[in-house]
Amino acid sequence: MRLHRGLVRLYPAAFRDRWGAALVEEAQAAGWRAWPNLLAGIADMWLHPAVWPAESRAQRRERAAALAITVAVLAGLFGYVAGEQGVPLSSAPGGGWTGKACTVLLLLGLALVAPLPRPTRAAVTVLLARAVRRLGGPAVLVAGLVAAMHLAPREVAAAPWHGLVVAYWWTVLAVGAVQLSRIFAGLGGTVIVAPRSGRLLAGMWSLTATSVLVGSIVLGTSAARPAPDRIAVAAGAALVLLAWALTTTLRDLRSVTAD
């Protein structure tokens, strides 16, 4: 019984508030056979924020924007991973121009989907406080690493510290990416203004194009090498999957009718 309730708690809050009790009862009646369906349902719901129970279409757009920001942050992170593994965007046909085009598309999409704070002191204060709370920890960790590299560069570069520093760096980047994508999530209409439909759709298409383009470049460049780098290939595949998540949300936004 506790396991069933624990799994149901992994669903989005909006889903739990409306159907959580009924879902727990059904899962308890089915026993362990309900576990696969619960796990599949959790993943499915988090990938479809636009169809969660909502009070308005603006709230649906706000949730879709939060997903798009998450995709933008992850796309930048995976592109950086591929570059660090020796598969930079500059290796694609077009060289530096291709990398610049991808960067422009990413920043354009991020600017279009980002909600804006309401023009009040209270709203701006809440948004800034959340940004500091989410990003303060990763910023301190990065500052500590930079300080260590300046104070003791030889020690940091030598074994076994080098491996620990690399693991530390990627962990901080991952945590920072997660925290950055959570800044706008769940703030509500009293603090932020959800992007209009046209701006949101344009931004999501821009981010979709970015994910497809960068993912294709990484996968194509890796496949052309005698020994493809597995991490770079995984990053390229993840970028293509991010594009799929965006197109799914675009479809959800079109299909959802007025509440």
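**Reading cores and pockets in a predicted model**

Reader: This is a predicted model, so where do I start with the largest nonpolar core, and which residues have the most contacts inside it?

Author: In soluble globular proteins, nonpolar side chains tend to gather in buried groups. Here the largest nonpolar core has 35 residues, and Val113, Leu200, Met204 and Leu207 have the most contacts inside it. Helices H4 (57–84), H5 (96–113), H6 (121–151), H9 (197–223) and H10 (230–255) each bring at least two residues to this core. H4 gives the largest share, 10 residues.

Reader: What does Leu207 touch, leaving out residues up to four places away in sequence?

Author: Leu207 touches Ala68, Ala72, Leu106, Gly109, Leu110, Val113 and Leu246. There's also a second, separate core of 13 residues, with Tyr11, Ala14, Val24 and Leu38 among them.

Reader: On to the empty space. How should I read the largest pocket, and what is its volume?

Author: Roll a probe the size of a water molecule over the atoms and you see where empty space is left. The largest pocket comes out at about 790 Å³. Of its 35 lining residues, Glu62, Arg63, Ala66, Ala185 and Gly186 lie nearest the centre. H4 turns up again, with the largest share of this lining at 10 residues. By class, the lining has 20 nonpolar, 7 polar and 8 charged residues.

Reader: And which classes line the second largest pocket?

Author: That lining has 9 nonpolar residues, 1 polar and no charged ones. The second largest pocket has a volume of about 170 Å³, and its lining includes Val73, Tyr80, Pro138 and Gly176. H8 supplies the largest share of that lining, 5 residues, while H4, H6 and H8 each supply at least two.

Definitions and conventions
Residues are numbered from 1 along each chain as its sequence is written. This is a predicted model: local features need pLDDT of at least 70, side-chain atom pairs count only at pLDDT 80 or more; totals for chains, interfaces and linings use all residues. Side-chain values use heavy atoms; hydrogens and water are left out. A nonpolar core is a set of buried Ala, Val, Leu, Ile, Met, Phe, Trp, Tyr and Cys residues joined through side-chain atoms within 4.5 Å. Buried means under 20% relative accessible area, exposed over 50%, partly exposed in between (1.4 Å probe, protein chains only). Helices (H or I, at least four residues) and strands (E, at least two) are DSSP runs, numbered from the N terminus. Contact means heavy atoms within 4.5 Å. On a 1 Å grid over the protein atoms alone, a cavity is a set of points where a 1.4 Å probe fits but cannot get out, and a pocket is an open set with protein on both sides within 12 Å along at least five of seven lines; lining residues have an atom within 4 Å of a point. Grid points are joined across faces, edges and corners, and a volume is the space filled by probe spheres set on the points. Ala, Val, Leu, Ile, Met, Phe, Trp, Tyr, Cys and Pro count as nonpolar, Asp, Glu, Lys and Arg as charged, and the others, Gly among them, as polar.
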